[in-house]
Structures are given as C-alpha cells and as structure tokens.
Amino acid sequence: MITTPVIRIAGLRKSFGDLEVLRGVDLEIARGSIFALLGSNGAGKTTVVKILSTLLTADAGSAVVNGFDIATQAAEIRESVSLTGQFAAVDEILTGRENLVLIAKLRHLDHPGRIADEQLERFSLSDAGGRRVATYSGGMRRRLDIAMSLIGSPPVIFLDEPTTGLDPEARLDVWQSVRDLAHGGTTVLLTTQYLDEAEHLADRIAILHEGRILVDGTLSELKALMPPAQVTYVQKQPSLEDVFLALVGRRTAAGNNPTDTAAPAVAIPTAV
Amino acid sequence: MNTHSLHDTTTLLGRSLRHILRSPDTIITTAITPIAMLLMFVYVFGGAIDTGGAKYVNYLLPGILLITVASGVAYTALRLYTDTASGIFERFQSMPIARSAVLWGHVITSVIANLISLVLVVLVAVAIGFRSPAGVAAWLAVLGIMVLFTLALTWLAVSAGLAAKSPDGAGAFAYPLLFLPFVSSAFVPTSGMPGAVRWFAEHQPVTSIVNTLRNLYAERPLGNNLWTALAWCVGLLVVAYALGVRTYHRKLA
C-alpha cells in the first residue's frame, strides 16, 4: 500500500527556554491509519501535537499536515485538523447539546442543531444532551469532547492522551470511538503513556524518548526488535481488568444507557 | 482579517452571555457591595460629611458607580481564567475561527453585565432619594463615560485573567481599583485632605471622572474635568488594550 502520508514531519525541534523538548523529530503517518505516539510524561508528545495543530510554532524543522505547511498555512491546517487536548475542554456551564452547537457554529456549518443531535446519538449522549456538562461523569465528558472534535469531519484528528483519568469502561468506549473513526477514513494521531492502549489500537507505533523518535513501526516490527520469543508455559490468570469488567458488566455507554447493559453475563474463568 | 470575525464574535458572545444568565449571582454580587456602601455612606457617614449643600446621595453616586465597575470586572477576569485553565481557549485556538473573536466575546459580555449591575445600583439610589434634573443628552454622556471606563477596566481584566495562576489571583487586580475612589473626590471633597494626599486625590483619574459625572447629572458646567476624564479613560483603554492583546499572544499564540 503506497500512499502519500497525510502527516510528514522532518527534523522538528522545539525548546522552552533552556529545556530542549524536541531534538529533531521525523515521522510519516499514512492516511486513514491510527498512529500512536508513545512516551513517558514529559517526553514531548503534547508538544508535537500542539505544533501540528498550530498552537505552538517549531524552532526548526518542517511539518506538512493534509498537504499544508504548518509554518505558512496555519489557517488551512485549522480547517483540516481537530485537537482533543489532555483535559476534556468542554464548557461546563452549557449543556452537552449547546457545546456541540457552539462548535458547529464556530466551524461555520449549516444546521448546527441537527449536527449536535447526530453527535449526541452517535456517542450515546442523547439522554444527557439537555443536562449541563458539570453533571457529567468523566467518561461522558471525554465522549462529548471527542464528539465536539469530530464536528465538521476533519480528515485528521489529534487525540492527546484521550483515556488518561478514565475508568476501564469509559476507556473501552473511547477505544471503540477511535476505531470507528479510522474505519471512516479519518487519520488519528494518538498520544498515550499506556502501552496496552497503543498495542490495542494503533496500526503503527512510534516511541518518543528524550526529544527523538527511538523506533517507528507496526507492533510486530517493534516486537521483532526483541530477541526471538522463548516458549514458556504460564498459567493464564484473568487480569484484574477482566475481573472488574466481568463483575460490573460491560456497558457501552458508561452508565447512561441502561438498555445496553444486557451484554452476555460473563462467566469468570476459573481455570484455563 | 478573517471574514468570519463578526459571526464568530456573536457566537462566542452568545456563549458567555448564557454563562451570565445561568449564574445571575455574579451580577447580583457585583451590585451588592456598592449598594451596601451606598446605604452605609448615605445613612451612617453622610450626615458628618459637608459637601457644600448638595444632597449626599447625589454627591456619592458617581464614586459608587465606579466601584461597581471595579468589582464587576473581577468576574470578567475570572471568566477568562476559567476558559484558559479548562483548555477551551486552546480548543478555540486550534479551530478556524477569528482570533480576535475569543477576546471580544468576553469583553462585550463584561460591558453588558456591568451595565446591568450599574442599572441596579442607580435604581437603589433613586429609591433612597437620588434625583437629577438632567435631560437625555446628559444621561447619554454619563452612559458613554461609564462604557468607556468599563471597557478600559475590562481590558485590564483580560490581562489579569489570562496571566493568572489561580482563580483567586484572577480577581486580585481589582482590589486596588476598589480603593482609588476613597482617595478622591468621590466620598468627601478633596479640600479637607492634607497636602500630599490632596495632590494625589486631585490628580488621579477617579476625581475627574467623578466630578464630570456629578456635573453632568446636576446640569452644571463641566469645565476641564470632562477633557481630563476623557483623556484618562481613553488613555487607560489604549494601554490596557495593548497589554491585553500582548498577554493574549504571549499566552496562547
């Protein structure tokens, strides 16, 4: 599969005062893929995302997003991308629906009310749409946040640590939303510090460490970097997450959509 | 300039007006302190202050109006702080909207909210005996000066709100503003003040603004006070605006 990458970054550098955060980042991201940028806290993930969404300017290097240069075509880039920051940037005093209408209006779209209702439906927030966001749970806020980002169907979405601070159920909901997005052809650049998140979601993974990309490839390519696997026999124990989800029941709408709770009762595996 | 400026400003203005509508307490709180001061000065201290024959509530009102605005813009700073801290400013910033719209939405909201508080204060003043023989033109001039003064303090609030590190810090800039009227002709004539204090009182902005408002609604000649007051308001507005825009660029651009 040979396509022009939708995001191409070359030699990106950024310092804050004496602190050199990015020391020459190179990346290419294919259209319609989920790309995970992994790194520990302070590795510079957010800085990369902020530069790509024109919130920060780079000290050196270049980046092209959806065919537009970040240095000279900021306005076009803002039309092409949508950023969901680390903390759900929603308006707490407005209702969920009003938040969505606000963003639709600011993207200068026709029928903002209809768009808002569609997004509420899509993210299972219809029942909560008329309530102020201050009353929402963390998972609902994050879903609303992502719903707001998707208004206007920008071809590229940046999700900066989308599941930080979420409970396991809400996390799975977000993962599903991300998968749906990529199926629809949207390119998703995801930053995360959770290794399993990258492992579950991403088509390609890059590890950002001390301002540089250490490795970049598919999960199997990254695994191939390690010595060949040794065959060992281990007893398969359910993870705490398996136990938690089996006990509380896997719900798709994090508590506001009781009709979906009729998921098959999961039997806790006792022996494998 | 972005062709969407007006549309975006209206949209964001609608948003922050809705905030005010949903927490009308901010308008009430803004008005309550000045109203309490109005009552206290009229009924407690007023009897001991010699203003040269004028009814004390008439003498006092302009200073109270300025204090109302000074306490009202603290909420403006707080709203800006909240938008910065919650990340919603960043979201707006990453969208294809007119950059100026983000600030102007807040600024116009501040002017509207302060005008509502001012009306409340004037109504209380009328209830306790404030009367004015002035006509529509004079009152429009009063309105004009108050809007100019509110705009100037609002742009100061923009800088304070954007630069603040905590919600308490956002409103702190307003405290000194609240005290300026006390060292002016707002509550007592400056003629009774000792040398240096009197010099300061007669040369700081509040005195000229207060004297102008007082003369306007008393239908007395305005003299140089009007020009001094306008110069202070416009000068302050220009400096505050430049500072606000600079803080904004430093913080978010």
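# A guided look at chains A and B

Visitor: What share of the contacts in chain B with a separation of 6 or more comes from residues 24 or more positions apart?
Guide: Welcome! Please keep in mind that this is a predicted model. Among contacts in chain B with a separation of 6 or more, the share from residues 24 or more positions apart is 81%.

Visitor: How many helices does chain B have?
Guide: Start at the N terminus and read the elements along chain B: each one is an α element. Strands number zero here, and the count of helices is 11.

Visitor: What radius of gyration does chain B have, and does its value agree or disagree with a compact globule?
Guide: Along the principal axes, the C-alpha atoms of chain B fill a box of roughly 60 × 35 × 35 Å. A compact globule with 253 residues would have a radius of gyration near 18 Å, so the value for chain B agrees, at 19 Å.

Visitor: Is B:Y248 buried or exposed?
Guide: Look for B:Y248 in helix 11 of chain B, residues 225-252. A residue needs 20 or more other C-beta atoms within 10 Å to pass the cut-off. B:Y248 has 21 such neighbours, so B:Y248 counts as buried.

Visitor: Leaving aside neighbours within four places in sequence, which residues is B:Y248 in contact with?
Guide: Sequence distance can mislead, so to speak: B:G161 is 87 residues from B:Y248 in sequence, yet their C-alpha atoms are 10.0 Å apart in space. Once the neighbours within four places are set aside, the contacts of B:Y248 are B:L103 and B:L162.

Visitor: Which residues point the other way from A:I34, A:A36 and A:L38 in strand 3 of chain A?
Guide: In a regular strand, side chains alternate between the two faces of the sheet. Strand 3 of chain A, residues 34-38, has five of its five residues buried. With A:I34, A:A36 and A:L38 pointing one way, the residues pointing the other way are A:F35 and A:L37.

Visitor: What is the bridge partner of A:L37 in strand 9 of chain A?
Guide: Strand 3 of chain A pairs with strand 8 (residues 187-192) in the parallel sense over five bridges, and there A:L38 is partnered with A:T192. Four bridges also join strand 3 to strand 9 (residues 204-209), again running parallel. In strand 9, the partner of A:L37 is A:A206.

Visitor: On the side of chain A that touches chain B, how many residues are nonpolar?
Guide: Chain A and chain B each give 18 residues to the contact. Helix 2 (74-80) and helix 3 (96-106) are the elements of chain A that give two or more residues to that side. By class, this side has five charged residues and four polar ones, and its nonpolar residues number nine.

Definitions and conventions. Residues are numbered from 1 along each chain as its sequence is written. Chains are lettered from A and ligands numbered from 1 in the order in which they are written. This is a predicted model: local features need pLDDT of at least 70, side-chain atom pairs count only at pLDDT 80 or more; totals for chains, interfaces and linings use all residues. Two residues are in contact if their C-beta atoms, placed from the backbone, lie within 7 Å. Ala, Val, Leu, Ile, Met, Phe, Trp, Tyr, Cys and Pro count as nonpolar, Asp, Glu, Lys and Arg as charged, and the others, Gly among them, as polar. A residue is buried if 20 or more other C-beta atoms lie within 10 Å of its own, exposed if 12 or fewer, and partly exposed in between; C-beta atoms are placed from the backbone. Two strands pair if DSSP finds at least two bridges between them. The radius of gyration is taken over C-alpha atoms; the globule rule is 2.2 Å times the number of residues to the power 0.38.
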